[in-house]
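Here are my notes on two interfaces, set out as numbered points. Please read them with the model open.

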Amino acid sequence: MRIRRRQVLSGSAAGAVSLASGLAAPAIAANEPIKIGYLPALTGPSSSTGVGINRGVQLAVEDINNAGGVNGRKLELIVRDTQSDPTKAVNAVSELTQRQKVSMIFGPVNSGEALAATPLIARDKVPMLHPCWVDELIDVKKYPMAFRQAPTNSQIGGGANHYVVDVLKLKKVAVISDTTGYGTASVNTYVPMLKAKGADVVYTNHIDAANPDLKPEMLRMQSAGAQVIMPWSVNAGFLSRILNTRGAMNWDVPVVGQTTLGSGQTKALLEKPEYWNKVYSNNFRKCCYVDGKLPPLTAEYVERLKKAKIEFADTLLWWVALGWDGVRLMADVFKNGGTKAEEIVGYMNKVKDWPGVYGTVTWTPQQHNGFPDSEVVMCEVNSLKDGAFNLAPGYAS
Amino acid sequence: MLQSIVSYGLAVGAVYALIGITYNVMYSASRVFSFTAGMLGMLGGVLGALFIQKMGINAVLGFVMVLACGAVLGIVTELLTVRPVLKSIEQHLYVLSTLAFALMIQQVTAIEWGTEAQPFPVLLPIGEGWLDQKFWLPLLACAVTIGGLEFLYRYTLIGRAFLAIAEDNYAARALGLPETWLRIASFALAGMIGTLAGFTGAQMLLAFFGNQSILNFYGFVPVALGGMGSNRGAVIGGLALGLFQQAANFLVGGIFAAVAVFAVFIVVLLLRPEGIAGASTARRV
Amino acid sequence: MIMMRAWRPAVRKTMTHHCSGAAPAQEDAMSSEPLLQVSGLSAGYGKIVVLRDIALSIGAGEAVALLGPNGAGKTTLLRAMSGLLPRSGQVRLGGQEMPNANPRATVAAGMAHVVEGHRVFTQLTCHDNLLLAGYGVPGAVRARQVDEALAFFPEIAAKRNDKAVTLSGGQQQMLAVAQGLVGKPRLLMLDEPSAGLSPVLVDRVLAAITQLRASGTAVLLVEQLIEKALAVVDRVYALARGSIVLEARADEADLPNRLERAYFGEGAHAPLDA
Amino acid sequence: MTEITTPIRAGGASTGWLGRLEGKLSWILLGLAGLALPLLDDSYMGTIATRAYIYWVLSAGLNLVVGYAGQIAIGWVSMLTLGAYTTAALAAGRVGPEWPVYLALLAGGGVGAVFGVVVGLPALRLRTFYFAMTTLGFATIATQVALAWKDVTGGGVGTPGPVFPWPFDPGWGFYYFCFLLAAVATWITANIGSSRYGRALVAIRDAEVAAEASGIAKPRLLVLIFLLAGALGGIAGGLFASLQSYITPDAFTFEMSVLFFIGILIGGRGSILGPALGTLILTVLPEIAAPLVQWSTFLYAALLLLIVLVIPGGIADLLDYRNRRPLEQHREIVPRPDLLPRVLGDQNARTLIALKGIRLHFGGVKAIDGLDLEIHGGEVHGLIGPNGSGKTTTLNVVSGYYRPREGSLRVDGSDLPFERPHVRAQWRIARTFQTPRVVGAASVLENVMIGGTVHGHGTFAESMLSLPRHRLDERVLREAAMLALATVGLESLASVRADRLQHSELRFVEIARALVLRPACLMLDEPAAGLSAEEIRRLGGLIKAISRAGTAVLLVEHHADLIFDICDRVTVLNLGKVLAAGTPEEIRSHREVVSAYLGA
C-alpha cells in the first residue's frame, strides 16, 4: 500500500469531464475544486484502521469526481499522513487550514492525533467531520464546527455492556485494556457504566501491550471470578494473546469487546482457529449479516467494492464504509449547503437520517454526535466473510 | 501460578540471556557494545515468519536461512559501523553508529513487514500447555548456544583464538592471530546467536518490529548484571531477569512490572557500575 | 651550542665507521644480503615521531642486542618491525620485503615478536597458548612444533595442561618465549625478557637464546641488564633519542664506556653554557 | 613594556573581534529572519518555526551535555515529557489549584532541572554505552509513568496543553514567545560555552586528566550542566504542550530523541550556531521532503551514521574556514623567557614541597618504597631512573591520582591531601603530561585558558548571564593566556585549532597552560620527548628561566643531557627508592647511577 502524501485525485475521466464542462464556460470560481483536508494515519504503529478507511475514501472521491463532481466542482483531497504521530498532525493542521485553505477536514483517525488536532482546527474555524470515537472530540461549545459520523466510545462501550449484562446476563466482569490513550479512556468510561447497569466489575487493569505473557493477568481475572472478559484495545497482538491464553487455559469464558477482536490480523495470530469461538466484537447493524444477508444498501456497496477490486483480506467492511460515507456525506453537504464554513455548519446542524452504508446520521445544533445507539451491535467474530460478520446471538433481526 | 512464573519466566529469560550473549560475543572481539543485538533478535522472528509462514519454505531450511541472514548482518555491522569507528579517535561513537544502523534496519522492517505483530509458525507441534515448544525452545537454544560456545572455546583453536583476542588484543596480534578476521567471525557468530534468540522466542514475542527496542534493553540488563563479556553471567542474569519480570508481572502487574525492572537495572548499575565480575580501572596517567 | 653541534656528528661518525667496518665483513662471510635488513625506518605514535631513519641488519643465526636508555624507542622499534605499529621505511627478511602494519604476515614470514611484560593468555592452558602461537601453521605440524618449543623449557612442559594464570612471572615469561618459538622463526625478537624476573630465571631465559643461536635462529634482544645481554649476543646496537647511536661487537673491551658516552652525551653541559 | 604588550593584545583582539563578528553576523541574520517571519502571514510556516524554536530550547541545553561535555544522553526526550506534563497538569489544576500558566511553565523547568540531575548522575560513574542505556531507560519510564498516573497526566487519554494568555496567546503571540525563549536559551548557552565553564566541559570531554589537573571538578560541573539542560528541556516541554494543544504519551517518541541528537551532531560538537541550524533544518526538512515522510526515521538514522563516519565535525567544521587556511610550514618556537616575571607574578615566597616516607603498592608490586623528596622554589629538580623506577608514579602522587599507603605530602609545611587531583590547582601545582593532553577541537588560546580556570571569580550563573564579573574574568584570563603563549613562543598560533599543531608545539602549549596558573610548583613529565635538538635546547632555557622566576620545577626526563644541563638537583630512583641525590656533577660521576642506567 503506497500512498503519496498530498495526493491529488484526478482520474483521467474526471479530467475529461471538467474539461468538457469548462468549455461550457461557467464562472471560473465555481469551477475550482473543493478542497478537503484529510488526516489519516497511513503509516506508523497504529495505521491499519487508517489504511482501511482510506480505501473507502479514495473510492468515494473517485466515484464522485467521475460522476462530474459536486455542482460541477471536483473534490480535491489533500492528504497528510499523520504517521500515528500527534506532532505530525499538528503541523499538518496548520498547513491544511492556513496554506491550503481547505473547506473541510476529515480525520484524524487515531485518538492521539485527533485530540491534538481538534482544538487547533476549531481555532482556525474550519468545519470538521470526525470518524474517530473519542468522546472529548465533540463539544458543541468548544468546537462548534466539529461533527461526528461515527459512534462515540460511550456508545461502543454501551453496546458491549448491554450485550454482556442484558443479553448474555453475566454479572461478574473483567475489564482490561492496553496502555494507549484509546484503551485507558475506554476502561475509565465503561467501568462506571457497567456498574450503573448493575454489573459487578471484579477485575480491571491497563496492561502494557508489549508484555508477551498475559497468563498472570488472566489468572487474576479467573481467581476474581470473572464470567466474561472485556478487553479494550486496537492492538491485534495483545488481543490475540488474550484469546490464546484463554484457549491454553481451557477457560470457557466469553470475550466481548472492541472491533479489532474480529480483525484478520487477530485471526492470523491465533494459535488455533477455535480460539476465536465465543468472541463477540462491536459492530454496526448495517454492516452485519442477518441470516447470511447484508442490508440492501450495503449489499449494493459491497458489489461496488468488489468491482473496484478493493481488498478485504486484511480489513473490515465497516472501516471501508466509514471512509466512503465520510466523503459522500461531505459531498452532500457541499452540494446542498455550500462550501463556506457557515454554510457547511448550518447545513450539518440540520442533517436528519442521512442514509449511510456504515450508519444513519442525524445532527442537531445541540448534538453533533450523529450515530444512533440502535445501530451499535455485537457480532460473532468467527463468522467473518468479506470483512463482515453475523450479528451476535441474542439480537433480534 | 508458580508454574506459570517459572515456565514463562525461564523461557523469556532464555531469550534475554541469548541476546546478552550476543552483546558479549561482539564485545569480546571489539570492546564494542552494539545496539544491533536487539535488532538481530527482532529479525530472527520476522525473517523466520517471512521464510516459513509467508514464503512456505521448509522449516529447517528456513531456520538455516535465518541464521545465515544473521551472520551476514553481523558482518555488515562490523564492516559498516564498527571498523571505521575503531579506527577513529573517538571510539565511543560506536554507540551512535550501531544505533543508527539498527534504527535503519528497524524502519525497513516496519515498512516492508508492517507495524503489526504477526504470527510465527508452530514448528514442532508436540507438547501441550507447559510442554509447548514456545517454552522449551528458547531454553533449548540457550543450552545449545552455551554448550556450543563452551565447546568452541575449549576444544577448537579458533575458539581459543577468540578468547585470546578478548583477553589481550595486543599480544594476540603480536602472535600473528588474524585479529580482523576473528572480529568479523565473532560478529557473524553474534549475528547467528541473536537471530537464534529471536527465532526460538518468536512464538512468545511474535514477529514484531517493536521487539527490537525491548530486546535491546532487556538483553542488556543480564550483561550489566552478570559482568560484561561473561556468558555464564549473562545466562544467570537473563534467567533471573525473566523470573523477576514474571514475578513482578504477577505481583504488581501491568506497566509497573516494566518500571520495576528499569528501577532495578539503574540501581544495580549505580551500585556496581562494572557489573558483578568487573574490575576497577587501573592507572589513568 | 658549538659543542653540542660537534657532538652529534661525532656519534654519526662512530656509527658510520662501524657500519662500514662490519657490513663488508658480513658480506664476505655470507656473500649475500643479511637475514634482516632495516633501512630508513621511521615510526611513532600519532604526531610523536619516536624513531627517525633507523638502519640495522642481522645475519642468519646471529644474536644481536638492542640497548639504550629509557624512552629511546627500543620497544617502538620492535613494534614497527613486527608490524604492530605502522612505519615508514624498509624491513627486509631474507631479501623479502615485509608488509607494513601486518603482524600476521610478518609472523608467517618467519619473524616472531615476544612482546614486553610476559603477556600470555592467562585463562588458557600453556598448551593452548602455544597452539595459538602456531595458528598459521598447518594442523598436522602444529602439535610437533609445540612439543619442540616446549623442549626448551622443561618446567613449562611439566605444566602444559595448567592455566597460564597459575604460572609464576618467570614461567609466564618462558611460556611467552616458547610461544615465539612455535612458528620456528628465522628471527626471534625478545622485548625485555628479564623484566620482573629473579636473576636465576633471567639466566634460564637468556640461556635459551644461546641454544637458539646454536640451532640457527637469529635473535634480536632488547634488554636492560646489559652485562647479561652481552654474555649471550654477538653484536649490539645502541639506540638513544630515536636514532641508532652505536653499533659494536659484544666482546669489545671499551663497550661500557662507549655506551655511557652514547647515552649521556659527551657534551652534556654544552647547550646552555654556550 | 608597551612594545611587548601591544602586539600581543592586538593579536588576541583581532582574532577575537573577527570571530565575534562572524558569529554575531549569523545570529543577527537568523534573528532578523525570525522576527520578520510573521510578515509572511503564513501560519503553517509559523507553526513549523515555533516547533523548531521549541526543539531548539531543549537542544540548546542538550548541546552542552552532548556537544560540549560529550555525554551520550540519547533519551533526553524524557525532559520534554516531564516539562510538558508538569506544565499542563499544573495549569489545568490537576494538582491542587490552577496555577498561572507562566508559573506552571517555570515549574516545568524546575522539574526538568531536578530530573536532569537525576538522569545525569549515572554519567559521573558509568561508561558511555551504559549511560546511553540508562537515559533510554529513563525515557521509557517517563512515558510509562505518564500512562499510569492518570490523575495527573490523564493517562493514555492525555491532557490539554496550557494556553498562554495575552501577549503570548496562540498564534503569532506564542510564536514570539518561543522565539524569545529560544533566543534566551541560545544566549545563555553561548555564554556558558564561551566561558571557563564551557572550556572546562570540553576539556573534560577530550582531556579529562588535564582538566582535573587544571582544577576542574567534573562532578560539580556536570551537575550544573545537567541542571541547566534539564531546566531548558522542561521549559521546552511546557511550550511543546501548548503548541500541541493536547498531549498524550504517544507524542513523546524515541524518534524525537534521535532528532534532537542528530541536530546537535550535524551542527558540530562544541558549537552553538551549528546545532541551532541543525535543529532548524531537521524540523523543517520533513515538511519539505513530503514524499519521503514514511522513510523519515530511516533517513535520520542514515544521516546519523553518515555524520559519525564521514563528517564528525558537522556543519560547524564546514563553516570554520579560518581553520582550513594553511599554516606556515616552517614554524619555529622561540620562547621569550623575559616575559616570565609578568606571567608568573611575584614569587617571593619560595615554595617547598616535601614528600616523606611515601610508600605505594600496585597489587604486590612496590611502585614507591619509602621515598623522601624535597622540591624547592627557584630550582629545577630532575627525577631520573630506569623504566618502572617510580618517576611518573611520584608525579602522580603529588598530582593526586594515587593515594600512597604511607607517608606525608606537605606544601610549605601544611598537608596536601592525597588524591583529589582537582584541588592541586588551588595549591598552584601545575603539570604537563607524557603525551600532551590538549583539546584538539579547541583553539590554542582556549587550551591555555583552561589552565587558568581556578583564577575565575564569576559563578556559573554570572557566566550564564554574562554579568560584569564574568566579563572581567574572561578579559583577564585571555590576556594572561596570550602572555603565557607569547612566553613559550606560540602567540602567532593562538587562534589555531590545537589539533593542527605539531607535536613539539603541543608540548609548549601544555607548558603555557601550566604557566597561566602562575604555578608555585611545575611538574614536567618528559617534556623533551619527540623534540628536536634545537627545540630541546630552547625548552631547557625556558624551564631554567621558569625556575629562576621562583617556581619549583620537578622534571622527569630521559634526555640525560637536558637533565644534567639545567637541573639544580637530581634525584635518581630505582625500584621505587632513591638511589642517589645531589648536584648534576655528583650524579654524573656516580657509578651506581651509571650502572643503573646501563643495567650492569
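Which side chains of chain B and chain A meet in a salt bridge?

1. The side chains of Lys134(B) and Glu271(A) do, at 3.1 Å from N to O. Keep in mind that this is a predicted model. The rule finds 1 salt bridge across the interface of chain B and chain A. It also finds 1 residue pair in polar contact there, with both residues at pLDDT 80 or more.

2. Next, the elements on the chain B side. Five helices of chain B each supply at least two residues of the side that touches chain A: H1 (2–30), H4 (94–113), H8 (179–205), H10 (231–251) and H11 (254–271). H10(B) gives the most, with 4 residues.

3. The class make-up of that side is as follows. The residues of chain B that touch chain A divide into 13 nonpolar, 7 polar and 4 charged.

4. Now the extent of this interface. Chain B puts 24 residues into the contact, and chain A puts in 27 residues. Together the two chains bury about 2000 Å². Of that area, 53% is on carbon and sulfur atoms.

5. The second interface lies within chain D. This chain is divided into domain 1 (49–254) and domain 2 (337–439 + 520–598). Note that domain 2 is given as two segments. The C-alpha centres of the two domains of chain D lie 46 Å apart.

6. How many residues of each domain of chain D are in contact with the other? Domain 1 has 12 residues in contact with 10 residues of domain 2. The two domains bury about 870 Å² between them, with 71% of it on carbon and sulfur atoms. Val209(D), Glu212(D) and Ala213(D) supply 49% of the area that domain 1 buries against domain 2. That is more than any other three residues supply.

7. Polar pairing between the domains of chain D can be stated briefly. The rule finds 0 salt bridges across the interface of domain 1 and domain 2. It finds 1 residue pair in polar contact, both at pLDDT 80 or more.

8. Two helices of chain D deserve a look here. H8 (196–206) and H9 (208–213) each supply at least two residues of the side of domain 1 that touches domain 2. The largest share, 4 residues, comes from H9(D). By class, this side of domain 1 of chain D has 8 nonpolar, 2 polar and 2 charged residues.

Technical notes. Residues are numbered from 1 along each chain as its sequence is written. Chains are lettered from A and ligands numbered from 1 in the order in which they are written. This is a predicted model: local features need pLDDT of at least 70, side-chain atom pairs count only at pLDDT 80 or more; totals for chains, interfaces and linings use all residues. Side-chain values use heavy atoms; hydrogens and water are left out. Domain bounds come from an automatic or database domain assignment. Contact means heavy atoms within 4.5 Å. Buried area is the accessible area (1.4 Å probe) that two parts lose on being put together, summed over both. A salt bridge is a side-chain nitrogen of Lys or Arg within 4 Å of a carboxyl oxygen of Asp or Glu. A polar contact is a pair of N or O atoms within 3.5 Å; within protein, one must be able to donate a hydrogen and the other to accept it, and residues adjacent in sequence count only if both atoms are side-chain atoms. Ala, Val, Leu, Ile, Met, Phe, Trp, Tyr, Cys and Pro count as nonpolar, Asp, Glu, Lys and Arg as charged, and the others, Gly among them, as polar.
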